[in-house]
Amino acid sequence: MQGESVHILVVDDEPGIQRTLRRVLERAGYTCDTAGSAAAARECLSAFSYDLMLCDVNMPGESGLDFITTVLAVGSDLAVVMVSAVADPRVTSVALEQGAYGYVLKPFDPSEILINVQNALRRRELERQSRERSRILEEMVEMRTAELQQMVVRLRSAEGDLRRAQRETVERLARAAEFRHDETGEHIRRMAHYCEIIARHLGKDAEYCAMIRLASPLHDVGKLCIPDHILMKPGKLTDDEMEQMREHASLGHRLLAGSGSVLLDMAATIA
């Protein structure tokens, strides 16, 4: 990352160090400004957005360590490399903990400065890319979460529609059985409530009790398959006719079984 697109700020109270660093950086193709104190550096930072700052540790007024702490604490995207004559590992450790990307000791070799600058700029770019990937990932997660929530709403709506359709199917089948045999109407309604009451008395949960109330009206649905001359016969049935009438139970089971619906499977068992 070299060239005029990279702007570097040199902060050092020694004019000779400022000139040396500026000469090294500009020869490498960087654009460079200088400041002799933390206060002057703040003015530069408020007026321009720099990519990297080379900062001394010991300066009059405010130390370099305090300065970079306040600058980086506000979420600055600035890469920082300390350039100091202080050869104290504890100071180096503090500088790195405060967010500096490197620590170069004076007197320095120009190649050492350039290597640290390049490494700091590279690390800054990698961190930018990492933040961007995290941002994109967060947006994707939020988008997928919203899609999943919408899907759950649609599934719940579809489940409600399915349950209503099943109830309507049961009611229509039961009504069809009523039409075939007028005497079954009230009997079906009473029997459905009896089944629900008994299930509740036996300790079944509310969902089961409601399902058995819906399914039980189909207990005689097999009568739809019984010929009218037998089902509607006003007099006593013959033995053969009685045998055919008794078939309505197994016929009802065959009509309802195997649908995959819990409600209709229960109705088949009841039939």
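Visitor: Is arginine 128 buried, partly exposed or exposed?

Guide: This is a predicted model. Buried means under 20% relative accessible area and exposed over 50%. Arginine 128 has a relative accessible area of 33%, so the residue is partly exposed.

Visitor: Which residue forms a salt bridge with arginine 128, with the closest N and O atoms 2.4 Å apart?

Guide: Arginine 128 lies in helix α5. The partner sits in the loop between α3 and β4, 51 residues apart from arginine 128. The partner counts as partly exposed, at 28% relative accessibility. The residue is aspartate 77.

Visitor: Which residues are linked with Asp77 and Arg128 in a network of salt bridges?

Guide: One pair to consider is arginine 124 and aspartate 51, with closest N and O atoms 3.2 Å apart. Both of these residues are buried. The network joins Asp77 and Arg128 with Asp51, Arg124 and Arg131.

Visitor: How many residues apart in sequence are the parts that arginine 124 and aspartate 51 tie together?

Guide: The two form a salt bridge. Arginine 124 lies in helix α5, and aspartate 51 in the loop between α2 and β3. The pair therefore ties together parts whose separation in sequence is 73 residues.

Visitor: Which loops does the salt bridge between lysine 106 and aspartate 12 tie together?

Guide: The closest N and O atoms of this pair are 2.7 Å apart. Both residues are buried. Lysine 106 and aspartate 12 lie in different loops, so the pair ties together parts 94 residues apart in sequence. The loops are the one between β5 (102–105) and α5 (110–180) and the one between β1 and α1 (15–27).

Visitor: How many salt bridges does the structure hold?

Guide: Lysine 106 with aspartate 12 is one of them. Arginine 128 with aspartate 77 is another. The structure holds 16.

Visitor: Which two residues touch the most other members of the largest nonpolar core?

Guide: This core has 23 residues. One of the two, methionine 82, touches residues including Cys55, Leu65, Ile68, Ala95, Tyr103 and Val104. The two residues are Met53 and Met82.

Visitor: Which element supplies the largest share of this core?

Guide: β1 (7–11), α2 (38–47), β3 (52–55), α3 (64–73), β4 (79–84) and α4 (89–97) each supply at least two residues of the core. The largest share is 5 residues. That share comes from α3.

Visitor: How many residues are in the other core, the one with Tyr30 and Leu52?

Guide: This core lies apart from the largest one. Leu54 and Ala79 are also among its members. The count is 21 residues.

Notes. Residues numbered from 1 in each chain as written. Predicted model: local features only at pLDDT ≥ 70, side-chain atom pairs only at ≥ 80, totals over all residues. Heavy atoms only, no water. Core = buried A, V, L, I, M, F, W, Y, C linked by side-chain atoms within 4.5 Å. Buried < 20%, exposed > 50% of the residue type's maximum accessible area, 1.4 Å probe, protein only. Helix = DSSP H or I, 4+ residues; strand = E, 2+ residues; numbered from the N terminus. Contact = heavy atoms within 4.5 Å. Salt bridge = Lys/Arg side-chain N within 4 Å of Asp/Glu carboxyl O. Lists of a residue's contacts leave out its neighbours within four places in sequence.
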